[in-house]
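Please look over the sequence and the structure below before reading on. The paragraphs after them go through selected parts of the fold.

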Amino acid sequence: MPISFVRIDDRVIHGQVVARWSRFKPCNGILVIDDKIAQDPLQKKVFTNAAPTGVKVGVYSVEEGLEKISKAKIAKNSYFVIVKTPVTLMEIIEKGGDFGTEVNVGPMSARSNAKTVAKNVAITDEEKSAFDFMDSKGIDIDFQLIPDETAINWKKVRQNY
């Protein structure tokens with residue numbers, strides 16, 4: 001299982017990801033895929049240094065991420081794929097990328113154009129469409145901030161929109 005975990009989290013790499021989820025899912029490396037972060041040298045440096053010792057981090061644009069996901073799928077090490085928004089995962093799928101059939105959703109902060117749909121999760125119209133797109137492709141989308149919580153599926157969360 002080279003890609004062991006796919007997560008949407010607007011904080012990208014932080015304690016919940018590295019300290020908690022990596023105890024439940026194997027992780028030798030983290031692929032952060034986000035066009036804006038990939039173009040910002042300071043953010044790239046911050047996220048690259050945010051992982052614990054022994055866990056490599058790469059920050060990539062969507063185009064670069066397509067190749068990295070393909071390589072990770074056949075690697076012997078296990079990787080987390082982390083994006084800030086479901087729109088990025090939709091773009092990856094539309095461009096032929098295949099990260100698997102399970103997505104975990106972590107925090108997505110409240111914004112002026114977003115509606116709160118679950119604990120610590122607010123989504124925009126565009127993000128709702130991206131979740132619907134992934135759902136239509138057979139991807140299982142679970143909202144679960146930490147491993148100790150019960151996961152709630154997109155079909156149930158969608159009712160709150």
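What follows deals with a helix and its buried residues, and then with salt bridges.

The model is a predicted one. Helix 1 spans residues 15-24, and within this helix Gln 16, Val 17, Val 18 and Trp 21 are buried. Viewed down the axis of helix 1, these buried residues fall within an arc of 165 degrees, so they line one face of the helix. Their packing partners are strand 1 (3-8), strand 2 (29-33), strand 4 (79-83) and strand 5.

The salt bridges come next. The structure holds 10 of them. One is formed by Glu 127 and Arg 111, whose closest N and O atoms are 3.0 Å apart. Glu 127 belongs to helix 6 (residues 125-136), while Arg 111 sits in the loop between strand 5 (102-105) and strand 6 (115-118), so the pair ties together parts that are 16 residues apart in sequence. Is each partner buried or partly exposed? Glu 127 has a relative accessible area of 6% and is therefore buried, the cut-off being under 20%. Arg 111, with a relative accessible area of 32%, is partly exposed.

Helix 6 also contributes Asp 132, which forms a salt bridge with Arg 158. The closest N and O atoms of Asp 132 and Arg 158 are 2.6 Å apart. Arg 158 lies in the segment after helix 7 (154-157), so this salt bridge ties together parts that are 26 residues apart in sequence. Asp 132 is partly exposed, its relative accessible area being 22%, and Arg 158 is partly exposed at 34% relative accessibility. The pair is part of a network of salt bridges that links Lys 128, Asp 132 and Arg 158.

Another salt bridge joins the side chains of Asp 135 and Lys 155, with an N to O distance of 2.6 Å. Which elements does this pair connect? Asp 135 lies in helix 6 and Lys 155 in helix 7, so the salt bridge ties together parts that are 20 residues apart in sequence. With a relative accessible area of 23%, Asp 135 is partly exposed. Lys 155 has 52% relative accessibility and therefore counts as exposed, for which the cut-off is over 50%.

To return to helix 6, Glu 127 in this helix pairs with Arg 111 in the loop between strand 5 and strand 6, Asp 132 with Arg 158 in the segment after helix 7, and Asp 135 with Lys 155 in helix 7.

How values were computed
Residues are numbered from 1 along each chain as its sequence is written. This is a predicted model: local features need pLDDT of at least 70, side-chain atom pairs count only at pLDDT 80 or more; totals for chains, interfaces and linings use all residues. Side-chain values use heavy atoms; hydrogens and water are left out. A salt bridge is a side-chain nitrogen of Lys or Arg within 4 Å of a carboxyl oxygen of Asp or Glu. Helices (H or I, at least four residues) and strands (E, at least two) are DSSP runs, numbered from the N terminus. Buried means under 20% relative accessible area, exposed over 50%, partly exposed in between (1.4 Å probe, protein chains only). The arc is that of the directions from the helix axis to the C-beta atoms. Contact means heavy atoms within 4.5 Å.
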